Amino acid sequence: MQGIQKVNVASGIFWVDIPEAGLHILCGCPADAVKHLAKRGLIVPSEVNGVACETGPNAVLLSDHPLQNGEFANLAEFPVLQMLYKQGLIIPGHPNNTGRKPMLIGSTEQVDSQMRYIYRGNYGLVSQEEITQAGASPEQAKAKMRLKLRFAFGRIRPTGDFLDTRYLGEEPLELDEGVGLRRLRPNVFEFSFRGETVTVDINLQPGESYQCAYTLGYHRFKPEYFSVIHSGEGDGWDINRPCMSSILVHQGGVYLIDAGPRLADTMTALGISIDQVDGIFHTHAHDDHFAGLTALMRAGRRIRYFATSLVRASTAKKLAALLGVEEERFEDYFEVCDLADDSWNDVEGLEVMPITSPHPVEANVMVFRTLWGDGYRSYAHFADIVSLDVLNGMVTEDAEAPGLDRGAYECFRTAYMVAVDLKKIDIGGGMIHGEARDFRVDPSTRLLLAHRASELTPEEKEIGSSAAFGSVDVLIASQSDGLRHMAFGYLQAHLPGVPLHDMRMLLNHPMEEINPGSILLKEGESPTEVLLLVSGLVEKLRTRDKLFASLSVGSLIGGNATLDNRESQHTYRAGSFVHLMRLPKGLFTDVVRRNGLLERVRRAADLSAFLNMTNLFGDGFQVAVLARIIDTATEKRFKSGEAVGVKDLSVFNIIRSGQVERLVGRRRVDVLKESDFFGEEVAVFNGECLYRIQAIEETTVVQIPGDVLQDVPILRWKLFENCQLRAARFAHGCDRASRVTWRKELSINVAYMDLHHKQLIEIANVVIENLYPDADRPALGKALDALIDYTGYHFTAEEKLMALYEYPAADEHCLNHAELIKQMTVYSDQVQQGAVPDKDHFLHFFETWLLRHIGDQDMEYGRFLNAKGVY
């Protein structure tokens with residue numbers, strides 16, 4: 001019998017089975033990993049001692065990187081749910097519940113991040129204080145907490161109660177029964193058992209994506225006046241369909257309802273680009289409605305996020321736990337538009353009413369309507385809900401006990417019966433989903449039953465209909481050409497100032513639908529027309545240079561080659577159903593020339609061609625954003641050996657030719673070459689650049705003002721991923737004897753504050769690197785100022801947190817904060833007076849302060865907050 005069995009499940013996912021040790025390990029857990037296991041027959045229905053259950057993993061090995069090629073690499077919520085409930089590992093009396101907890105394995109940072117993200121996925125907001133802070137009244141917060149506790153069987157439990165954690169550091173780790181695990185390099189691991197070894201590599205290669213577990217086909221997109229596109233009818237376990245979701249089209253605008261796993265694949269199949277999305281209406285933050293947010297965070301602009309303040313707060317906390325960032329960063333990626341609960345909210349003529357839904361996390365069902373004829377046309381999206389039988393079982397007359405009162409139950413029951421033209425309903429059953437029978441007498445015109453993996457029963461088929469992926473319910477047909485209206489906006493961005501009669505002339509050309517997989521223009525061909533991409537996905541390829549990118553809607557295909565009478569340098573291919581407007585070569589060139597735009601268009605072409613070769617800009621930007629970049633970008637040259645000054649570090653720099661080195665103190669951190677970048681710390685993130693940059697050879701850079709890029713989520717997203725990798729390289733290159741190291745013992749088990757403490761250590765290590773006799777004093781002073789500023793920011797946040805929860809020792813704690821700031825200011829004063837503090841003395845001070853303050857005082861309030869469910 002083979003000791004270790006390995007299966008390559010999908011991109012970035014492996015299965016390692018060691019039957020003799022009783023270990024079944026899922027290696028890598030991106031979105032829908034459970035569906036991939038089921039597809040491969042690694043999760044199957046089973047029976048143990050007469051009890052129905054499923055087989056599956058009992059351990060998960062996490063990626064070392066939270067993101068790979070822009071996608072979440074670690075989403076363990078559904079694998080953990082499958083282990084606990086589908087396999088029965090947590091169910092009382094179940095034969096599989098032997099007391100052995102499922103295992104999360106990985107780096108300290110990633111394991112702790114997943115534990116906190118799973119915690120938020122289970123409970124959402126975890127205290128009356130958090131619910132009140134998110135906008136509820138004290139009375140509402142108490143009622144919501146009572147219901148939440150009823151779903152939680154009376155107690156909010158830390159994730160450690162039902163999951164075992166194994167931290168893999170630099171040394172090999174024994175998992176169980178003689179099974180060894182070691183990291184060979186990031187995301188490459190070796191398992192050993194009784195002399196046998198296997199290696200798994202869960203890295204994604206450049207340009208590689210995690211795979212979709214199901215085939216979606218291709219569908220045509222037509223913007224209607226008011227319609228519902230059915231983009232998902234399944235649940236988190238359905239191996240053949242996306243999770244329950246819808247897409248609303250209103251007056252040509254595209255609005256998502258929820259963002260399930262593999263959202264980018266869903267949108268491609270429907271022929272809609274992410275950049276066409278005007279907003280998302282979010283019902284709640286369970287992974288099957290949440291995991292696709294990364295696709296929206298990689299858009300060319302901040303997409304509007306519509307939700308109640310409670311759902312938004314719950315989502316922001318879960319996302320922050322997952323990425324290891326502060327909750328405030330949520331608004332870097334989305335334009336937050338809070339909706340009033342149980343009220344009509346007007347979104348450009350589309351009215352929406354979020355209605356509180358009873359659920360373990362903060363949730364709303366949503367009712368949409370728009371004026372038409374003598375009244376309204378309406379759609380209701382009921383995900384997720386609870387069956388009335390389950391809800392009735394939670395009714396209690398004890399105002400202090402977990403549950404709800406009879407009046408609240410009747411309010412929910414009445415809300416379920418709201419009459420609309422079309423209603424999509426969660427009928428997943430069980431403890432936290434709805435039942436079709438509750439809607440047998442629903443007065444709505446048409447019901448759609450969704451959110452389940454199995455087929456509808458005969459009884460359910462009598463109650464409601466089902467919808468195929470990509471099918472459309474047109475509530476109000478459009479009488480205008482929405483695609484041509486989009487084309488007008490895109491051409492305006494490309495050709496600013498062109499008179500209306502010229503625009504009308506260009507727009508009076510055919511709009512053509514192109515089938516998926518069709519080549520539009522080949523590398524080496526001379527285009528005879530310019531193609532305006534109006535809708536859908538187009539791939540841009542040049543395999544000899546390993547260039548694989550996608551175009552944003554509004555892009556011009558063949559425009560540059562047409563103006564210069566040259567061959568195309570890329571191949572363009574339809575990745576979905578695509579709508580194009582064909583503009584004759586001669587006419588387009590004439591309009592450009594006689595409106596004085598030739599040099600601008602050529603400059604745009606040159607800059608676009610360069611930017612598209614870079615990793616940051618390779619996925620393409622919205623036409624309007626690209627226009628702003630073109631109008632503001634400049635070039636600058638640095639001589640060999642020249643230091644990049646403060647002014648140049650305040651803008652975003654992309655290296656067009658040459659090389660620079662990034663330095664901290666005397667140490668070279670890395671060398672940046674063509675297409676690499678620097679200056680993002682100040683220009684994009686409004687922070688401080690603590691590195692010195694110096695040209696190794698004559699170097700030319702493209703400089704872009706930060707305010708042009710700050711509201712571009714895809715750029716922030718890629719820079720965030722890059723910063724994480726750079727921080728790892730910086731830590732790896734440091735002299736360990738002369739740096740402060742974060743370790744598990746310093747965690748106070750409150751994610752927000754642990755994040756701050758890690759950032760303080762990172763800045764302190766930059767200070768330490770700059771402490772040498774002939775130090776660059778401006779660099780040292782900047783690092784010390786950054787440390788003092790961030791310490792003040794951290795202390796303020798800490799004091800607000802203690803005040804929110806009325807921590808009894810807060811006053812004494814705050815006095816210590818003031819003293820620590822005073823001590824750090826002494827070092828800054830020394831530098832201003834021309835001295836360089838002693839490295840060993842500073843290191844001793846910082847470590848002593850860190851160990852004493854965190855190890856004693858912060859641990860105390862950490863335990864206080866943990867007792868209130870705050871982690």
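A charge is taken to sit over a ring if NZ of Lys or CZ of Arg is within 6 Å of the ring centre and within 35 degrees of the ring normal. In this predicted model, R369 lies over the face of Y376, at 4.0 Å from the ring centre, and the charged end of R369 also sits over the ring of W344, 3.8 Å from the centre of that ring.

| Charged residue | Ring | Distance to ring centre |
|---|---|---|
| R369 | W344 | 3.8 Å |
| R369 | Y376 | 4.0 Å |

These three residues share a neighbour in E351, which, with residues up to four places away in sequence set aside, touches W344, R369 and Y376 as well as N345, D346, V367 and F368. E351 itself belongs to strand 22, which covers residues 350–356, and because its relative accessibility is 13%, E351 counts as buried.

F368, one of the residues that E351 touches, leads on to the aromatic pairs, of which the structure holds 30. The rings of F368 and Y379 have their centres 6.4 Å apart and their planes at 15 degrees, so this pair is stacked, the cut-off for stacking being planes under 30 degrees apart. Since F368 lies in strand 23 (residues 364–372) and Y379 in strand 24 (residues 375–382), the pair ties together parts that are 11 residues apart in sequence. Both F368 and Y379 are buried. Elsewhere in the sequence, F795, Y827, F842, F845, F846 and W849 form one aromatic cluster.

A further region to consider is helix 18 with the loop that leads to it. L597 is found in the loop between helix 17 (585–594) and helix 18, and with a relative accessibility of 8%, L597 counts as buried. Apart from its neighbours within four places in sequence, L597 is in contact with L495, P496, V498 and V592. By contrast, T199, which is 398 residues from L597 in sequence, is 57 Å from L597 in space when the separation is taken from C-alpha to C-alpha.

Helix 18 comprises 15 residues (residues 598–612), which should span 21 Å at 1.5 Å a residue, and because its end C-alpha atoms are 21 Å apart, the model agrees with that expectation. The expected span rests on 1.5 Å times one less than the number of residues. Within helix 18, the buried residues are L598, R600, V601, A604, A605, L607, S608, F610, L611 and N612, a list that includes both the residue at the start of the helix, L598, and the residue at its end, N612.

Methods: Residues are numbered from 1 along each chain as its sequence is written. This is a predicted model: local features need pLDDT of at least 70, side-chain atom pairs count only at pLDDT 80 or more; totals for chains, interfaces and linings use all residues. Side-chain values use heavy atoms; hydrogens and water are left out. Helices (H or I, at least four residues) and strands (E, at least two) are DSSP runs, numbered from the N terminus. Buried means under 20% relative accessible area, exposed over 50%, partly exposed in between (1.4 Å probe, protein chains only). Contact means heavy atoms within 4.5 Å. Rings of Phe, Tyr and Trp (its six-membered ring) pair if their centres lie within 6.5 Å; planes under 30 degrees apart count as stacked, over 60 as edge-to-face and the rest as tilted.
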